[in-house]
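Please look at the sequence and the 3D structure below before reading on. The report that follows is meant to be read beside them.

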Number of protein chains: 2
Amino acid sequence: MLSKKCKYAIHALVYLAERYQQGPVHIQDIAEAQHIPKKFLEAILLEMRNAKILHSKKGKGGGYYLYKKPEDVNMVEIIRLMDGAISLLPCVSLNYYEPCEECRNEVTCGIRDAFTGVRDESLKILSRSTLAHIVKRQRELGK
Amino acid sequence: MLSKKCKYAIHALVYLAERYQQGPVHIQDIAEAQHIPKKFLEAILLEMRNAKILHSKKGKGGGYYLYKKPEDVNMVEIIRLMDGAISLLPCVSLNYYEPCEECRNEVTCGIRDAFTGVRDESLKILSRSTLAHIVKRQRELGK
DNA sequence: CTAGTAATCTATTAAATCAATAGACTTTCA
DNA sequence: TGAAAGTCTATTGATTTAATAGATTACTAG
């Protein structure tokens, strides 16, 4: 399961993607619209700013806005940033690999097999799923 | 990521599957072979016994053994039992569904889409992955 | 140039979950 | 009947998650 932090991040990003190139949006606005505790959201947005996904502007008329293009931000990037690995096991993780103590021999470990498959499929789907994609779909459905 | 509990459970089950129909196996044996804290393993095995995956025999010569056939125990069942939902979001979960507070309208929520896809693919792969399958693969690779 | 606005940064805390441990009890078998 | 092994209840410590508080910095308008 994704953490609340990650869910908040996704919702905030979608909100900003809907307002792409329309100037900075106050944290307060996002927090209220998406029902996210403001202070918690601050930390989340800051993290995404440091990751160069968002930019921000201080002072009056300031706020956050998307720096990357909506079609260049996918779920893989967000999940890895907020929650870490996509894989279900450390020993099959591409970005957060750790050997497992239990199985001596990774090559012959029958367990890894299934979880490598899950990882690959998940990555495939989640990397196709961009902010642009999500916003487009919502518009089509008339949100 | 799967919890340690879940990983321990899978390793213990594979160990028992390798010894299917060869009589009860001591907790102690499993714990030592798989490097799992014995007391923790007790709780895990007990839970799987209550779920009718394992049976046990008390007293001298007792221990745990697979009740279900190795080909009838798949990763989906184990993960759900140990860690809960397979899905990444509660609002797309089949067995642990919860509405999400963030999105008013589930039908038009563009986010659910991607995560429904991930859920379906994960379920497909994990349900194909049985203990029999894992043991077979390990034998082929000459473990 | 200064008042107000909004993001930034540091720090702390509360709650929940995860992982592990302890010990008394029960069943079974030789 | 006593030793072996699982069963049950409970507690604990560590870690992570979620949320909050307050001081500081940067920006803009007037």
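The text below goes through the fold of one chain, the pairing of the two chains and the surfaces near the DNA.

This is a predicted model, in which local features need pLDDT of at least 70 and side-chain atom pairs count only at pLDDT 80 or more, while totals for chains, interfaces and linings use all residues. Residues are numbered from 1 along each chain as its sequence is written, and chains are lettered from A and ligands numbered from 1 in the order in which they are written.

**Confidence.** The predictor's confidence in each residue is given as pLDDT, from 0 to 100. Chain A averages 93, and 97% of its residues score at least 70. Within chain A, helix α4 (residues 75-82) has the highest confidence, at 98, and helix α6 (residues 131-140) the lowest, at a mean of 93.

**The fold of chain A.** Helices (H or I, at least four residues) and strands (E, at least two) are DSSP runs, numbered from the N terminus. Chain A has six helices and two strands, in the order α-α-α-β-β-α-α-α from the N terminus. Its C-alpha atoms fill a box of roughly 60 × 35 × 25 Å along the principal axes.

A residue is buried if 20 or more other C-beta atoms lie within 10 Å of its own, exposed if 12 or fewer, and partly exposed in between, with C-beta atoms placed from the backbone. By this count, 37% of the 143 residues of chain A are buried. Two residues are in contact if their C-beta atoms, placed from the backbone, lie within 7 Å. Of the contacts in chain A between residues at least 6 apart in sequence, 59% join residues at least 24 apart.

Two strands pair if DSSP finds at least two bridges between them. In chain A, strand β1 (residues 54-57) and β2 run antiparallel and are joined by four bridges. One of the residues in these bridges is A:H55, whose partner in β2(A) is A:Y65. The hairpin has five residues between the strands, and A:G59 takes a positive phi near 70 degrees there.

**The two chains.** Copies are superposed by least squares on the C-alpha atoms of residues with pLDDT of at least 70 in both. A turn of 180 degrees and a shift of 0.0 Å along the axis lay chain B on chain A with an RMSD of 0.1 Å. That is the relation of a two-fold axis. In chain B, the C-alpha of B:E121 is nearest the axis, at 3.3 Å.

The contact takes 35 residues from chain B and 35 residues from chain A. On the side of chain B, α5(B) gives the largest share, ten residues. The copies meet through the same surface, because 100% of the interface residues of chain B are also interface residues in chain A.

**The DNA.** A residue is near a strand if its C-beta atom, placed from the backbone, lies within 6 Å of it. Among the 26 residues around DNA strand D, A:S3, A:K4, A:P37, A:K39 and A:G59 come nearest. Around DNA strand C there are 25 residues, of which B:S3, B:K4, B:P37, B:K39 and B:G59 come nearest. The largest share near strand D is four residues from α3(B); near strand C it is four residues from α3(A).

The table gives three surfaces by class. Ala, Val, Leu, Ile, Met, Phe, Trp, Tyr, Cys and Pro count as nonpolar, Asp, Glu, Lys and Arg as charged, and the others, Gly among them, as polar.

| Surface | Nonpolar | Polar | Charged |
|---|---|---|---|
| Near DNA strand D | seven residues | nine residues | ten residues |
| Near DNA strand C | seven residues | nine residues | nine residues |
| Side of chain B that touches chain A | 17 residues | eleven residues | seven residues |
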